[in-house]
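Reader: I would like a close look at one part of this molecule. Please walk me through it step by step.

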Amino acid sequence: MTLVYVLNGPNLARLGLSEPGPGGRPAYPELVRACQETAAELGLRAVVLQTDSEAELVGWLHRVAEEAAPLVLNPAAFTHCSYPVRDALALRRAPAIEVHLCNPYAREPFRRISVLSDVVDGTVTGLGPDSYRLALHAVARLTGAGTHPERRGATA
């Protein structure tokens, strides 16, 4: 199976601990499970990680680049301000999709700016947990995972 990293930035592990937003938000463990199940259905193996640390996220992005692994990234608030995350993301050698649970264009003006979007293959926003599912579908399509019998069992 093709390995895909699903990396999550600050505060996402706290999903479900406060009042849900429009359309509801799952607790973080449910989001992890949904990512892993969707990935498996697509012939992918998802490693799902979350950090509140910019430095740790940069380290993970370096590892993703070294492994030439595909990536689904919810950078959360780092989207708007983290040039170190952007520079690490620019090193990637495989497909990368940026995701957001909410629609940043429906929030505060500063959230409408992404310093990362120009170094990813696509962005899925505003669809809650389905943002992740659609991003995983995009990764599967971009990598050809699960579509060729000879590729099953291969890693990125």
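Reader: To set the scene, what percentage of the 156 residues of the chain count as buried? Then take me to Leu31 and its surroundings, please.

Author: This is a predicted model. Of the chain's 156 residues, 45% count as buried. The chain has 4 helices and 5 strands. Along the sequence they run β-α-β-α-β-α-β-β-α.

Now to Leu31. It lies in helix α1, which spans residues 28-41. Its relative accessibility is 2%, so Leu31 counts as buried; the cut-off for buried is under 20%.

What touches Leu31, apart from neighbours within four places in sequence? The contacts are Leu15, Pro26, Pro129 and Tyr132. Gly128 sits 97 residues away from Leu31 in sequence, yet their C-alpha atoms are 9.7 Å apart. Across the chain, 79% of contacts with a separation of 6 or more join residues 24 or more positions apart.

Follow the contact to Tyr132. Beyond four places in sequence, Tyr132 touches Val6, Asn8, Leu12, Leu31, Cys35, Val72, Asn74, Val99 and Leu101. Tyr132 also belongs to the largest nonpolar core, which has 25 residues. There, Tyr132 is among the members that touch the most others, along with Val6, Leu44, Val72 and Leu136. At least two residues of this core come from each of β1 (2-8), α1, β2 (44-50), β4 (96-100) and α4 (129-143). A second, separate core has 20 residues, including Leu3, Tyr5, Leu7 and Val115.

In soluble globular proteins, nonpolar side chains tend to be buried together.

Note on methods:
Residues are numbered from 1 along each chain as its sequence is written. This is a predicted model: local features need pLDDT of at least 70, side-chain atom pairs count only at pLDDT 80 or more; totals for chains, interfaces and linings use all residues. Side-chain values use heavy atoms; hydrogens and water are left out. Buried means under 20% relative accessible area, exposed over 50%, partly exposed in between (1.4 Å probe, protein chains only). Contact means heavy atoms within 4.5 Å. A nonpolar core is a set of buried Ala, Val, Leu, Ile, Met, Phe, Trp, Tyr and Cys residues joined through side-chain atoms within 4.5 Å.
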